[in-house]
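Subject: Structure handover

Hi,

Here is the structure I promised to pass on. Have a look at it first, and my notes on what turned up in it follow below.

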Amino acid sequence: MKYLILCCFPLFFLSTCDDDEQVTTNSVEDYLIFGRYGFECFGNCITVYKLQGGELFADDLEYGFPETDDFQTTPLGTAQFQIAEVLSDEFPEELLETDQRIFGCPDCVDQGGFYLSLKRNGTVTTWQIDTDDVDQTQGILDYKARIIEVMEAL
């Protein structure tokens with residue numbers, strides 16, 4: 001009986017919402033990681049940022065792809081966040097609509113690549129995109145240009 005009550009309580013709670021109310025599933029745990037890498041290099045071989053919970057965090061990496069805790073704990077300023085938040089707003093939905101996770105051949109000939117990781121509603125998806133404009137739609141090409149623009153402004 002106790003389990004029945006525990007299982008039904010969330011259903012009762014959700015059924016009491018008005019039709020006009022939106023149930024928000026986004027949480028502070030959702031994030032967008034974006035940046036560039038090139039692993040045939042000396043020094044800092046990757047630069048990525050994480051947009052999460054209305055804040056922007058710089059990476060603490062010099063090499064390798066980021067884990068969620070590979071970022072500085074102190075966020076960058078509001079001005080930097082406002083520059084970068086456009087990447088979240090303009091994220092190409094076509095990336096979410098395909099099973100393809102690698103576009104072109106990123107860093108195959110030491111040209112580097114773009115790295116994206118998106119966590120939405122508990123699901124994490126990552127992409128690697130060639131810096132060369134191979135095997136990419138206009139939407140992806142435009143988004144790459146936007147990433148470059150944002151990173152230069154940061």
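To start with a detail: which residue lies over the face of Tyr31? That would be Lys50, at 5.9 Å from the ring centre. Lys50 also lies over the face of a second ring, that of Phe57, at 6.0 Å from the ring centre. Please keep in mind throughout that this is a predicted model.

Now the inside. The largest nonpolar core has 23 residues. Phe34, Leu87, Phe91, Leu116 and Ile147 are the ones with the most contacts inside it. Quite a few elements feed into this core with at least two residues each: strand 1 (31-37), strand 2 (46-52), strand 3 (55-58), helix 2 (78-89), strand 5 (113-120), strand 6 (123-130) and helix 4 (138-153). Helix 4 gives the most, with 5 residues. Apart from this core lies another one of 11 residues, and both of the rings under Lys50 turn up there: Tyr31 and Phe57 are among its members, along with Phe71 and Tyr115.

On to the aromatics. There are 3 aromatic pairs in the count. In one of them, Phe34 and Tyr49 are stacked, 5.6 Å centre to centre and with 25 degrees between the planes. Phe34 sits in strand 1 and Tyr49 in strand 2, so this pair ties together parts that are 15 residues apart in sequence. Buried or exposed, these two, Phe34 and Tyr49? Both are buried.

Another pair is Phe91 with Trp127: the ring centres are 5.5 Å apart and the planes are at 50 degrees, so this one counts as tilted. It links distant parts of the chain, with Phe91 in the loop between helix 2 and helix 3 (93-96) and Trp127 in strand 6, 36 residues apart. Phe91 and Trp127 are both buried too. Together with Tyr143 they form one aromatic cluster.

Since you'll be looking for cysteines: the count comes to 1 disulfide. It joins Cys105 to Cys108, with an S to S distance of 1.7 Å. The torsion about the S-S bond is about -70 degrees, so the disulfide is left-handed. Cys105 is partly exposed at 36% relative accessibility, and Cys108 is partly exposed at 48%.

Then the charges. How many salt bridges does the count come to? The answer is 5. Here are three of them, one by one.

Glu93 and Arg120 meet through their side chains at 3.2 Å, N to O. Because Glu93 lies in helix 3 and Arg120 in strand 5, this salt bridge ties together parts that are 27 residues apart in sequence. Glu93 is partly exposed, with a relative accessible area of 38%, and Arg120 is partly exposed as well, at 32%.

Lys144 and Asp133 make another salt bridge, at 2.9 Å, N to O. This pair also links distant parts of the chain: Lys144 is in helix 4, Asp133 in the loop between strand 6 and helix 4, 11 residues apart. The two ends are in opposite settings. Lys144 is buried, with a relative accessible area of 4%, whereas Asp133 counts as exposed at 54%.

The third is Glu149 with Arg146, where the closest N and O atoms are 2.4 Å apart. These two are 3 residues apart in helix 4, so about one helical turn separates them. Glu149 is partly exposed, with a relative accessible area of 44%, and Arg146 is partly exposed with 23%. Salt bridges that share partners bring in Glu90 as well, joining Glu90, Arg146 and Glu149 into one network.

Arg146 is worth a second look while you have it on screen. Leaving aside residues up to four places away in sequence, Arg146 touches Val86, Leu87 and Glu90. Leu87 is one of the residues with the most contacts inside the largest nonpolar core, and Glu90 belongs to the salt-bridge network just described. Arg146 is also 9.6 Å from Ala84, C-alpha to C-alpha, although the two are 62 residues apart in sequence.

That's the tour. Shout if anything is unclear.

Cheers

How values were computed. Residues numbered from 1 in each chain as written. Predicted model: local features only at pLDDT ≥ 70, side-chain atom pairs only at ≥ 80, totals over all residues. Heavy atoms only, no water. Core = buried A, V, L, I, M, F, W, Y, C linked by side-chain atoms within 4.5 Å. Buried < 20%, exposed > 50% of the residue type's maximum accessible area, 1.4 Å probe, protein only. Helix = DSSP H or I, 4+ residues; strand = E, 2+ residues; numbered from the N terminus. Phe/Tyr/Trp six-rings, centres within 6.5 Å; stacked < 30°, edge-to-face > 60°. Lys NZ or Arg CZ within 6 Å of the ring centre and 35° of its normal. Disulfide = S-S within 2.5 Å. Contact = heavy atoms within 4.5 Å. Salt bridge = Lys/Arg side-chain N within 4 Å of Asp/Glu carboxyl O.
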